[in-house]
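User: Could you take a close look at one part of this fold and how it sits in the rest? I'd like a connected walk-through, with the cut-offs spelled out as you go.

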Amino acid sequence: MIDAPSSTPLVRSPYGAFRYLLQAALAALALLALALAPARAQPIRILAFGDSLTAGAGIAAEDSLPAQLKRRLSADGFDVEVVQGGVSGDTTTTGLARLDYTLGAGPFDIAVVELGANDMLNGHDPKTTRANLDQILAVLQQKGVRPILTAMASSTNHGQAYKRDFDSIYPDLAAKHQAPLVPFILEGVWGKPALLIWDGVHPNAAGVTKIVNKLAPYVEKTLVSMGARKSSRAQ
């Protein structure tokens, strides 16, 4: 007759029990390390959203603002991708109209918003420009994209009252949305023939470099606030 199996539990040796506990502890530590380890780093994606100043009217693509900004940030040690989102002739109205479509190429982490020059040149009501930019910044933030606003300044061609109303748009909206504000983006470039293309309006490659030198610190401050770290391979 075959004896029934004993109900007495198997007794492990002290060494076996210790080895089991050690393996369990090591497995738990491995899982904890995996959980705490950052995911494989992906480039931070930056959308350059603007008009011909962003698109690079009259200059080669590699000299445009997005291309030069990418090179500057990479040289400073940041792993980024800068996406060209400039359309020549854009106003804040047409920019707002294409915003959702442009964001469809995302996800994006940061957006540099450079719009308003064509509104001013065409004498658009500053109230409309303000409302459009307000909505653009709101949509970006709703979608988890950090905006950086670049300021445009009005000439006096439309009168002092127009200039006052237009110029106040950018600091007001930057404060409202708690977004970094880059002062007049063409400062030091506008009116300087050596920094402009043949039309005397748009920056040439050297002019864009001057703009990027002004813009880059604001972008880098935003990158650092997001936890981005400079590579040790920075030039």
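Analyst: Let's start away from the main target: Q178 is exposed, because its relative accessible area is 74% (exposed means over 50%, buried under 20%, partly exposed in between, with a 1.4 Å probe and protein chains only). Q178 sits in the loop between α8 (169-177) and β5, and its phi is near 50°, a positive value in a residue that isn't glycine.

Before going on, two ground rules. This is a predicted model, so local features need pLDDT of at least 70 and side-chain atom pairs count only at pLDDT 80 or more, while totals for chains, interfaces and linings use all residues. Residues are numbered from 1 along each chain as its sequence is written, and side-chain values use heavy atoms, with hydrogens and water left out.

Now the wider frame. The protein has 9 helices and 5 strands (DSSP runs numbered from the N terminus: helices are H or I with at least four residues, strands are E with at least two). Reading from the N terminus, the elements go α-β-α-α-β-α-β-α-α-β-α-α-β-α. Of its 235 residues, 41% are buried. Take contacts (heavy atoms within 4.5 Å) between residues at least 6 apart in sequence: 78% of them join residues at least 24 apart. The protein exposes about 13300 Å², with carbon and sulfur atoms supplying 59% of that (areas by the Shrake-Rupley method with a 1.4 Å probe; for residues, only the protein chains shown count as cover).

The part I'd zoom in on is helix α4, residues 92-103. Its 12 residues reach 16 Å from the first C-alpha to the last, close to the 16 Å expected at 1.5 Å a residue (the expected span is 1.5 Å times one less than the number of residues). Its buried residues are T92, G95, R98, L99, T102 and L103. Looking down the axis of α4, these fall within an arc of 155°, so they line one face of the helix (the arc is taken over directions from the helix axis to the C-beta atoms). On the face of α4 turned away from that buried side you'll find the exposed residues A97, D100 and Y101. The cover over the buried residues includes β1 (44-50), β2 (80-86), α5 (117-121) and α6 (126-142).

The N-terminal end of α4 deserves its own look. T91 caps it, with a side-chain oxygen 3.2 Å from the backbone nitrogen of T93. T92, in helix α4, counts as buried because its relative accessibility is 0%. The side chains of T92 and D119 share a polar contact of 2.6 Å (N or O atoms within 3.5 Å; within protein, one must be able to donate a hydrogen and the other to accept it, and residues adjacent in sequence count only if both atoms are side-chain atoms). Leaving out residues up to four places away in sequence, T92 touches L115, G116, D119, T128, T129, N132, L133 and I136.

Just upstream, G89 lies in the loop between β2 and α4 and counts as exposed at 53% relative accessibility. Setting aside neighbours within four places, G89 contacts S52 and N118. The C-alpha atoms of G89 and A117 are 9.2 Å apart, though 28 residues separate them along the chain.

On the other side of α4, P107 is in the loop leading from α4 to β3, and a cis peptide bond joins G106 and P107, with omega about 15°. Then comes β3, residues 110-114, where 5 of 5 residues are buried. I110, V112 and E114 point one way, A111 and V113 the other.

β3 belongs to an open sheet of 5 strands in the order β2-β1-β3-β4-β5, with parallel pairing (two strands pair if DSSP finds at least two bridges). The edge strands are β2 and β5 (181-182), each pairing on one side only. β1 and β3 pair over 5 bridges: I46 is the bridge partner of I110, and F49 stands opposite V113. With β4 (146-150), β3 has 4 bridges, and V113 stands opposite L149 there.
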